[in-house]
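User: Please take a close look at a single part of this structure and explain how that part sits among its surroundings. I am in my first year, so plain wording would help.

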Amino acid sequence: KSAKGKHPSSAKWLKEANAAYAWAQKNTPAKHEAHAVHPRIVAAASLYRCTGEKKYLDQFRKDITSHNSFNIAEEGWFTANYWELAAGIYALLPKNHPNLDLELQKKVKNQVLAAADKEYVATAAKRGYRMGFDWIKMNSCGTFSTPMVTSPAVAYKFTGDRKYLDVMHTT
């Protein structure tokens, strides 16, 4: 919940995470930027949540708003898209979190809702067995054994709307 955490090793882990992030920022070649941006979105959101430091917020903002899958509210194929995980972290921050960009949080929440509605609620409503998700993805990617419900889970958490909980139960 904070940089202090509850576990006795939280401070050490946070120090290690900061060091790993700084190392990656310094040592990622430009030619690898297209791949580095994905885990960096989650790292920046997580470190911002823990520290409240603006540098992490700024990197999260830059990365997520330029991420195509975020901008079209597209779910991942084999696992949740990194943007979904990072959006979940950012969307659920309290309004009094240090340096919180409320406009960005609103945009992130809207994209989470768009993905949850488009990819899960709408598709589940069209099927007799009420499973939400893309037809091809669900059958070819093991959705029956490993459901990917990040967006509906986050949407339910900040809206309390039962439709998201229901679609998680049937997906």
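Analyst:
**The core and helix α1**

In this predicted model, the largest nonpolar core has 29 residues. Those with the most contacts inside this core are Y48, F60, I64, W83, Y90, V108 and V112. Two or more residues come from each of α1, α2, α3, α5 (82–91), α6 (102–125) and α8 (150–159). Of these, α2 gives the most, with 7 residues.

One residue of the core shows what such contacts look like. Leaving aside neighbours within four places in sequence, Y90 touches Y48, L57, F60, L100, D101, L104, Q105 and V108.

Now to α1, the part to look at closely. Helix α1 covers residues 10–27, 18 residues in total. From its first C-alpha to its last it reaches 25 Å, close to the 26 Å expected at 1.5 Å a residue. Its buried residues are S10, L14 and Y21. These lie on the same side of α1, because they cover an arc of only 40 degrees around the axis. On the other side of α1, K12, K15, W23 and K26 are exposed. The buried residues of α1 pack against α2 (33–51) and α3 (54–65).

Helix α1 also takes part in a pocket. The largest pocket has a volume of about 170 Å³, and its lining is made up of A20, Y21, A24, Q25, T28, E33, A36, P39, R40 and A43. The elements that give two or more residues to this lining are α1 and α2. The largest share, 5 residues, comes from α2. Y21 thus appears twice: as a buried residue of α1 and in the lining of the largest pocket.

Note on methods. Residues numbered from 1 in each chain as written. Predicted model: local features only at pLDDT ≥ 70, side-chain atom pairs only at ≥ 80, totals over all residues. Heavy atoms only, no water. Helix = DSSP H or I, 4+ residues; strand = E, 2+ residues; numbered from the N terminus. Expected span 1.5 Å × (residues − 1). Buried < 20%, exposed > 50% of the residue type's maximum accessible area, 1.4 Å probe, protein only. Arc of directions from axis to C-beta. Contact = heavy atoms within 4.5 Å. Core = buried A, V, L, I, M, F, W, Y, C linked by side-chain atoms within 4.5 Å. 1 Å grid on protein atoms, 1.4 Å probe; cavity = no way out; pocket = protein on both sides within 12 Å on 5 of 7 lines; lining within 4 Å. Points joined across faces, edges and corners; volume = space filled by probe spheres on them.
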